[in-house]
Amino acid sequence: MSLLSLQSKPQLRPTVEDDHHGTPSEIQDNSQIQPPSKKHGSLHRCKTAPAMAVMRDRKPKTPQLPKPKSESSTIIRQAFFLLSLYLLLGVAIYSFNRDEFSGIETHPVVDALYFCIVTMCTIGYGDITPLTPATEIFACVFVLVGFGFIDILLSGVVSYVLELQENMILTGIHIKKSQQGFSARNYIVDVDKGRMRIRLKVGLALGVVVLCVGIGTLMLYFLENLDWIDSVYLSVMSVTTVGYGDRAFKTLPGRLFAGVWLLISTLAVARAFLYLAEARVDKRHRRIAKWVLHRDITIQDLLAADINNDGFISKSEYVIYKLKEMGKIGEKDILQICDQFSKLDTNNSGKLTLPQLLENRL
């Protein structure tokens with residue numbers, strides 16, 4: 001009986017759609033089915049799938065805000081332009097009022113540039129000083145302007161150069177990562193986070209300090225005819241912007257060198273000591289994060305993390321609470337995000353759906 005019932009049922013035969021005539025043709029034998037020729041790597045959307053491409057192409061009612069772009073190149077252009085303008089102005093004023101400044105003279109333009117660089121870097125050797133009230137006012141305005149925006153712009157240039165170096169190192173490691181196993185670079189570079197480890201930054205910082213002091217020592221020994229102890233002493237006092245005034249650059253070659261060396265070394269050393277401070281802060285943050293992640297949750301934590309006041313903590317509430325404990329986000333950040341979500345959730349359902357997003361775009 002079961003055999004008869006099976007034979008009486010109509011057999012289902014696979015059909016394919018004829019692309020040329022639009023009529024289905026029955027396939028009698030599975031062995032005769034020829035697999036369609038497809039190009040490797042080509043994907044075809046199912047005819048019954050939603051037209052997501054059409055939804056993606058819909059233009060919103062209000063134009064989207066563009067993503068902020070990196071301003072490194074703009075900062076560099078502004079830095080060189082303002083630095084040139086700043087130094088030209090200082091050189092011009094000093095050159096026309098040479099008699100109102102005291103100090104050893106070598107060349108008018110070199111002395112003027114040397115005075116401007118020393119003033120801008122806030123070293124203050126005291127070898128060239130203003131004598132009249134007019135030049136004293138000029139020196140006050142010049143140092144305040146230089147200490148204000150020029151230092152900020154040049155610090156941005158130093159940061160850009162260091163970030164460029166970091167990106168080049170990371171790019172090289174990404175390329176060679178598949179070709180080799182563990183290496184010393186994995187110890188100093190965090191490839192997953194896309195940045196250099198703090199120990200590498202500390203090493204670079206110390207290297208920059210030693211390099212700047214070493215170059216200054218050598219040039220002072222040969223250009224200013226100082227002994228090694230005095231050369232090291234003046235080099236350290238210069239790159240740290242202390243400048244007691246008992247030693248200074250007095251020769252023409254020495255002041256030409258100082259015009260470039262002081263401008264670069266003072267900012268580089270300042271950035272290096274900033275990395276040392278960041279290393280201590282980063283170590284403290286990692287210690288706090290480790291304590292937050294490994295400590296047991298208490299009843300007070302449950303009550304504090306329960307944002308919805310429903311008696312339990314969801315995964316999202318737990319993540320938010322831990323991020324707040326680590327200091328990664330603040331209450332103000334959470335409120336701003338919630339406010340943005342409320343604007344998108346027009347029907348107050350507590351979730352965002354595709355129809356809502358389409359409604360906002362129409």
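# Rings, charges and a nonpolar patch

Let's start with one residue: Glu325 has a relative accessibility of 24%, so this residue counts as partly exposed. The model you are looking at is a predicted one. A search of the whole structure turns up 10 salt bridges, and there are 12 aromatic pairs as well. The points below walk you through some of these contacts, and then through a patch on the surface.

**Salt bridges around Glu325**

- Here is the general idea to keep in mind: side chains with opposite charges can pair when their charged atoms come close.
- Which residue forms a salt bridge with Glu325? The partner is Arg295, and the closest N and O atoms of the two are 2.4 Å apart.
- Arg295 sits in the loop between helix 9 and helix 10 (299-305), while Glu325 belongs to helix 11 (residues 315-326), so this salt bridge ties together parts that are 30 residues apart in sequence.
- Arg295 and Glu325 also belong to a network of salt bridges, in which they are linked with Asp301 and Lys322.

**Two other salt bridges**

- Arg247 pairs with Asp230 in a salt bridge whose closest N and O atoms are 3.5 Å apart.
- Why does this pair tie together parts that are 17 residues apart in sequence? The reason is that Arg247 lies in the loop between helix 8 and helix 9, whereas Asp230 lies in helix 8.
- Are the two partners buried or exposed? Asp230 counts as buried, because its relative accessibility of 18% is under the 20% limit. Arg247 has a relative accessible area of 31% and is partly exposed.
- Glu105 and Arg98 form another salt bridge, with 2.9 Å between the closest N and O atoms.
- Glu105 is partly exposed at 47% relative accessibility, and Arg98 is partly exposed too, at 29%.

**Aromatic rings**

- To describe a pair of aromatic rings, you give the distance of the centres and the angle of the planes.
- Among the 12 aromatic pairs is the one made by Tyr221 and Phe222, which is edge-to-face, with 5.1 Å from centre to centre and 85 degrees between the planes.
- Tyr221 is partly exposed, with a relative accessible area of 29%, while Phe222 reaches 57% and counts as exposed.
- Phe249 and Trp261 make another pair: their ring centres are 6.3 Å apart and their planes meet at 65 degrees, so this pair is edge-to-face.
- Phe249 is found in the loop between helix 8 (228-239) and helix 9 (252-294), and Trp261 in helix 9, so the pair ties together parts that are 12 residues apart in sequence.
- Both Phe249 and Trp261 are buried.
- Which residues form one aromatic cluster? Phe249 and Trp261 are joined in it by Tyr114, Tyr125 and Phe257.

**A nonpolar patch on the surface**

- Phe222 comes up again here: together with Leu211, Ile215, Leu218, Met219 and Trp228 it makes a nonpolar surface patch of about 590 Å².
- Which helix gives the most to this patch? Helix 7 (residues 198-223) does, with 5 residues.
- Leu211, one of the patch residues, lies in helix 7.
- Leu211 has a relative accessible area of 52%, so it counts as exposed, because the limit is over 50%.

Note on methods
Residues are numbered from 1 along each chain as its sequence is written. This is a predicted model: local features need pLDDT of at least 70, side-chain atom pairs count only at pLDDT 80 or more; totals for chains, interfaces and linings use all residues. Side-chain values use heavy atoms; hydrogens and water are left out. Rings of Phe, Tyr and Trp (its six-membered ring) pair if their centres lie within 6.5 Å; planes under 30 degrees apart count as stacked, over 60 as edge-to-face and the rest as tilted. Buried means under 20% relative accessible area, exposed over 50%, partly exposed in between (1.4 Å probe, protein chains only). Helices (H or I, at least four residues) and strands (E, at least two) are DSSP runs, numbered from the N terminus. Patches are made of residues with over 30% relative accessible area and no salt bridge: like charges are joined within 9 Å, nonpolar side chains (Val, Leu, Ile, Met, Phe, Trp, Tyr) within 5 Å. Accessible areas come from the Shrake-Rupley method with a 1.4 Å probe; for residues, only the protein chains shown count as cover. A salt bridge is a side-chain nitrogen of Lys or Arg within 4 Å of a carboxyl oxygen of Asp or Glu.
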